[in-house]
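I opened a fresh notebook page to look up charged contacts, ring pairs and pockets. Here is what I went through, entry by entry.

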Amino acid sequence: MRNSRGNMLLIELMIVLLFFSLAQVTVVQVFAAAHQQAMSSRATHTALTIAQDMAERMHGANDPAQVLMDNGFVLADDTYVLEKDRGFVLQVKLSQLSQPAGVLRTAVFTAVNGEKTLFTFPGVSYEGASVP
Amino acid sequence: MSERRTVKTRHAMSGFFVFCLLGLFALLSAVLVMVGIRACQGVQAAADANSEEQIALSYVLNKVRAHDVTDSISLWNTDGRQVLCLKENLDGEWYETRIFCSDGKLCEYFCEVGEPFDRSMGEALTAAQALHLKAENPKLLYVQVTRVGGETLAAHAALRAGEVIEHEK
């Protein structure tokens with residue numbers, strides 16, 4: 001009788017320990033996810049700051065491609081790529097549409113982290129042709 | 001008699017084992033809570049630093065963009081320190097907003113054009129060690145803010161309508 005009661009207590013304790021252990025595993029996963037989220041948010045923020053700064057520098061520049069090259073971008077398959085050890089890769093695709101009235105330049109900024117695209121935004125500038 | 005003693009010892013061992021198990025569990029739980037608190041504080045601190053470090057720079061850049069009109073943006077050099085001066089016309093009167101760093105703070109002072117400059121008159125906006133401004137060309141302003149910890153943040157503002165004028169005062 002006494003022995004059976006002792007075993008029951010042990011089983012009860014083991015169930016409680018199992019339950020709390022599972023709860024702790026969940027909590028650890030939540031903390032890990034929060035940390036990952038914070039890192040991803042910081043990478044997105046840094047990439048956005050760099051992209052905005054580059055867009056400002058390229059605005060009004062005669063040669064936007066040169067501005068990108070001067071700031072560490074490397075040309076690969078028609079796309080300018082900036083790889084830094086900050087958890088993201090910044091890509092810039094340049095295109096321009098020339099018309100008699102002027103030139104419309106578009107730079108599409110894309111930040112990627114592995115397979116995931118963090119953001120994409122276009123920067124457009126227009127340079128009017130000088131009227132004779 | 002001896003058998004009874006053996007059973008008692010076995011019970012005592014079993015109780016001790018359960019006690020050890022619970023003690024270990026309590027210890028690991030406490031460690032987990034401490035790790036959790038530290039992780040939470042780290043995430044919170046990173047988020048705070050992320051937003052706070054941008055405040056001064058974003059503020060200056062937004063002010064520049066808001067005053068991007070002809071003859072509105074100028075840079076002064078007074079006592080070896082720089083002041084960003086943004087001029088605007090309100091009801092026919094000319095006023096200017098002076099942005100500068102003083103005593104570890106980014107300050108702003110709104111006054112009439114021509115009023116003598118006094119570094120102590122500004123209203124403190126946020127913490128910043130130094131403000132460095134440079135006109136890379138008349139249409140491109142470089143803004144660098146040094147935080148109190150020595151970390152620097154920089155960005156460019158391309159002016160659409162106005163141009164940067166540099167003065168020595």
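**Entry 1: a bridge between chains.** I started with A:E56 and B:R160, whose side chains form a salt bridge with N and O 3.4 Å apart. This contact crosses between chains: A:E56 belongs to helix α1 (residues 2-58) of chain A, and B:R160 to the loop between β8 (152-158) and β9 (164-168) of chain B. I noted for myself that the model is a predicted one.

Next I asked how accessible each partner is. A:E56 has a relative accessible area of 9%, so I filed A:E56 as buried, the cut-off being under 20%. B:R160 comes out at 47%, which makes B:R160 partly exposed. I then looked for further partners and found that A:E56, B:R65 and B:R160 are joined in a network of salt bridges.

**Entry 2: other salt bridges.** How many salt bridges does a search of the whole structure find? I got six over all chains.

I picked out B:K63 and B:E108, which form one with their closest N and O atoms 3.5 Å apart. This pair links distant parts of the chain, 45 residues apart: B:K63 is in helix α1 (residues 2-66) of chain B, while B:E108 is in strand β4 (residues 105-112) of chain B. I also checked B:E108 for exposure, and B:E108 is buried at a relative accessible area of 15%.

Then I turned to B:E151 and B:R147, whose side chains meet in a salt bridge at 3.4 Å, N to O. B:E151 is partly exposed here, with 36% relative accessible area.

**Entry 3: aromatic pairs.** My search of the whole structure for aromatic pairs gave six over all chains. One of them is A:F19 with A:F20, an edge-to-face pair with 5.8 Å between centres and 80° between planes. A:F19 counts as exposed at 57% relative accessibility, whereas A:F20 counts as partly exposed at 39%.

Stacked or edge-to-face for B:Y95 and B:F110? The ring centres of B:Y95 and B:F110 are 5.5 Å apart and the planes are at 15°, so I wrote down stacked. B:Y95 sits in strand β3 (residues 93-102) of chain B and B:F110 in strand β4 of chain B, so the pair ties together parts 15 residues apart in sequence. B:F110 is partly exposed, its relative accessible area being 44%.

I also found one aromatic cluster made of A:F109, A:F119 and A:F121.

**Entry 4: a charge over a ring.** I looked at B:K87 and B:W94 together. The charged end of B:K87 lies over the ring of B:W94, 5.5 Å from the ring centre.

**Entry 5: the largest pocket.** I finished with empty space. The largest pocket has a volume of about 660 Å³. Which residues are closest to its centre? Of the 28 lining residues, these are A:T46, A:T49, A:I50, A:K84 and A:R86.

I went on to the elements behind this lining. Those giving two or more residues are α1 and β2 (79-84) of chain A, along with α1, β7 (140-146) and β8 of chain B. The largest share, 12 residues, is from α1(A). Sorted by type, the lining of the largest pocket holds nine nonpolar, 12 polar and seven charged residues.

Note on methods. Residues numbered from 1 in each chain as written. Chains lettered and ligands numbered in written order. Predicted model: local features only at pLDDT ≥ 70, side-chain atom pairs only at ≥ 80, totals over all residues. Heavy atoms only, no water. Salt bridge = Lys/Arg side-chain N within 4 Å of Asp/Glu carboxyl O. Helix = DSSP H or I, 4+ residues; strand = E, 2+ residues; numbered from the N terminus. Buried < 20%, exposed > 50% of the residue type's maximum accessible area, 1.4 Å probe, protein only. Phe/Tyr/Trp six-rings, centres within 6.5 Å; stacked < 30°, edge-to-face > 60°. Lys NZ or Arg CZ within 6 Å of the ring centre and 35° of its normal. 1 Å grid on protein atoms, 1.4 Å probe; cavity = no way out; pocket = protein on both sides within 12 Å on 5 of 7 lines; lining within 4 Å. Points joined across faces, edges and corners; volume = space filled by probe spheres on them. Nonpolar A, V, L, I, M, F, W, Y, C, P; charged D, E, K, R; others polar.
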